[in-house]
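Me: I've got a model open and a few labels I'd like to poke at. Could you walk me through why each one applies?

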Amino acid sequence: MAKSPETEHPVKAFGWAARDPSAHFSPFNFSRRATGERDVQVKVLYCGVCHSDLHMAKNEWGLTQYPIVPGHEITGIVTEVGNKVEKFKVGDKVGVGCMVGSCRECDQCTNDLENYCSNFILTYSSRYTDGTVTYGGYSDTIVADEHFVIRWPENLPLDAGAPLLCAGITTYSPLRYYGLDKPGLHIGVVGLGGLGHVAVKFAKAFGSKVTVISTSINKKKEAIERLGADSFLVSRDQEAMQAAVGTMDGIIDTVSVAHPLLPLINLLKPHSHLIMVGAAEKPLEVPMLPMIFGRKSVSGSGIGGLKETQEMVDFAAKHNIFADVEVIPMDYLNTAFERLEKSDVKYRFVIDVAKSLKTE
């Protein structure tokens with residue numbers, strides 16, 4: 001007979017979970033594994049609320065295992081280390097991002113691309129090597145193999161920095177991989193939400209000219225005056241979009257709902273990439289002719305490996321990059337999800353776990 005989440009491991013844990021696709025969260029007692037020889041136990045201080053947490057809580061991708069404790073933008077303090085841990089000691093500030101395991105043997109893993117391992121293990125609602133379900137950072141503690149734990153720079157805030165562990169690496173990685181990290185390039189960023197606003201900051205730090213592309217003119221002032229974008233395009237303004245045809249060296253598309261790709265592909269210079277990092281639940285239509293005649297591509301990119309994630313966090317600390325956040329208590333979570341669904345946040349909710357999570 002299978003054990004309950006509360007008794008399957010020896011270490012008591014407490015968080016907030018959703019039990020079904022209604023995505024209503026309430027207190028949840030469960031357990032964590034004992035700290036293994038290469039494990040790090042972390043007291044969770046802050047956890048970002050990612051848009052994928054909403055998709056997963058509602059089972060919109062068909063991957064969810066209930067009850068679900070989301071959260072993969074986790075920062076905290078090391079409270080215990082295994083006897084073979086080399087990178088961390090008790091008291092260190094650390095982060096845990098979107099994954100907590102991989103095979104460590106395949107070509108992807110041996111090339112520091114654990115995120116593309118066919119057996120990678122998500123931080124929550126996945127199956128760990130022992131067969132138990134993983135639970136994320138909407139909780140008081142987490143245990144992870146040290147390989148999947150990030151050293152936290154002293155000058156990077158634990159609250160506003162937490163979203164970098166998903167939103168940050170999701171936008172930093174494609175900018176680096178596709179060579180869009182060179183000064184003087186013209187980069188488009190589609191959507192100014194949790195991912196988009198961080199993409200703007202990284203692209204500017206690389207020395208790019210950045211144009212934000214949005215359906216709403218209402219975000220123009222914010223994009224230019226607060227986030228430092230150079231220009232702003234309203235995608236519904238056909239005249240403005242036509243004037244920008246063929247001007248961009250690359251585009252990071254962060255939008256997670258269905259939208260037309262042809263107008264974006266037309267903005268690209270020949271030989272350039274439209275890179276999708278927002279996971280729309282419905283398939284998008286990709287027109288072939290402009291891609292063929294411009295040797296353009298529509299590509300995808302998902303988070304990053306652990307080496308690159310550490311590099312990204314260190315780069316962010318050096319360039320004073322972090323998310324614009326609204327810090328909330330745990331008991332505000334259901335309201336936060338309602339607001340997130342309406343894009344009513346600038347630009348990321350972060351749960352103050354340590355101060356607000358009350359055991360019931």
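Me: What makes strands S4 and S5 a pair?

Reply: Keep in mind that this is a predicted model. Two strands pair if there are at least two bridges between them. S4 (residues 74-81) and S5 (residues 93-96) have four, in the antiparallel sense, so they count as a pair. If you want a spot to look at, Ile-77 stands opposite Lys-93 in S5.

Me: Which strand pairs with S5 over three bridges?

Reply: That would be S9 (residues 149-151), again in the antiparallel sense. Here Val-94 stands opposite Arg-151 in S9.

Me: Why is Lys-201 called buried?

Reply: Its relative accessible area is 18%, and buried means under 20%, so Lys-201 is buried. Lys-201 lies in helix H5. Leaving out residues up to four places away in sequence, Lys-201 touches Leu-227, Ile-321, Phe-322, Ala-323 and Asp-324.

Me: And what makes Asp-112 partly exposed?

Reply: Asp-112 comes out at 31% relative accessible area. Partly exposed runs between the 20% and 50% cut-offs, so that is the label Asp-112 gets. You'll find Asp-112 in the loop between helix H2 (107-110) and strand S7 (121-122). Its phi is near 60°, a positive value in a residue other than glycine.

Me: Why is Asn-320 called exposed?

Reply: With a relative accessible area of 56% against a cut-off of over 50%, Asn-320 is exposed. Asn-320 sits in the loop between H10 and strand S16 (325-328), and its phi is positive too, near 55°.

Me: Where are the cis peptide bonds at Pro-67 and Tyr-347?

Reply: One runs from Tyr-66 to Pro-67, with omega near -5°. Pro-67 lies in the loop between helix H1 (51-57) and S4. Another joins Lys-346 and Tyr-347, where omega is about -10°. Tyr-347 is in the loop between helix H11 (333-341) and strand S17 (348-352).

Me: Which residues have the most contacts inside the largest nonpolar core?

Reply: Leu-175, Val-200 and Phe-202, in a core of 50 residues. The elements that give two or more residues to this core are strand S3 (39-49), H4, strand S10 (186-190), helix H5 (194-205), strand S11 (209-214), strand S12 (231-234) and helix H10 (306-318). Apart from this core lies another, of 46 residues, including Ile-74, Val-100, Ile-142 and Met-330.

Me: What does Val-200 contact, leaving aside its neighbours within four places in sequence?

Reply: Val-200 is in contact with Val-189, Leu-192, Val-210, Val-212, Leu-227 and Ala-229.

Me: How do you know where there is empty space at all?

Reply: Rolling a probe the size of a water molecule over the atoms shows where empty space is left. In this model there are two cavities of 30 Å³ or more.

Me: What is the volume of the largest cavity, and which residues are closest to its centre?

Reply: The largest cavity has a volume of about 170 Å³. It is lined by 14 residues, and the closest to its centre are Arg-32, Arg-33, Val-133, Thr-134 and Tyr-135. Strands S2 (25-32) and S8 (141-145) each supply at least two residues of that lining. By class, the lining of the largest cavity has six nonpolar, five polar and three charged residues.

Me: How many charged residues are there in the lining of the second largest cavity?

Reply: None: that lining divides into eight nonpolar and four polar residues. Among the lining residues are Cys-98, Phe-148, Ile-169, Gly-304 and Thr-309. Asp, Glu, Lys and Arg count as charged, and the full lining list holds none of them, so the charged class stays empty. The second largest cavity has about 80 Å³ of space.

Me: Which helix gives the largest share of the lining of the second largest pocket?

Reply: Helix H4 (residues 167-177), with four residues. This pocket holds about 190 Å³ of space.

Me: What makes two of that pocket's lining residues charged?

Reply: The lining includes Arg-176 and Glu-308. Arg and Glu both belong to the charged class, so they fill that slot, next to five nonpolar and three polar residues.

Key: Residues numbered from 1 in each chain as written. Predicted model: local features only at pLDDT ≥ 70, side-chain atom pairs only at ≥ 80, totals over all residues. Heavy atoms only, no water. 1 Å grid on protein atoms, 1.4 Å probe; cavity = no way out; pocket = protein on both sides within 12 Å on 5 of 7 lines; lining within 4 Å. Points joined across faces, edges and corners; volume = space filled by probe spheres on them. Core = buried A, V, L, I, M, F, W, Y, C linked by side-chain atoms within 4.5 Å. Buried < 20%, exposed > 50% of the residue type's maximum accessible area, 1.4 Å probe, protein only. Contact = heavy atoms within 4.5 Å.
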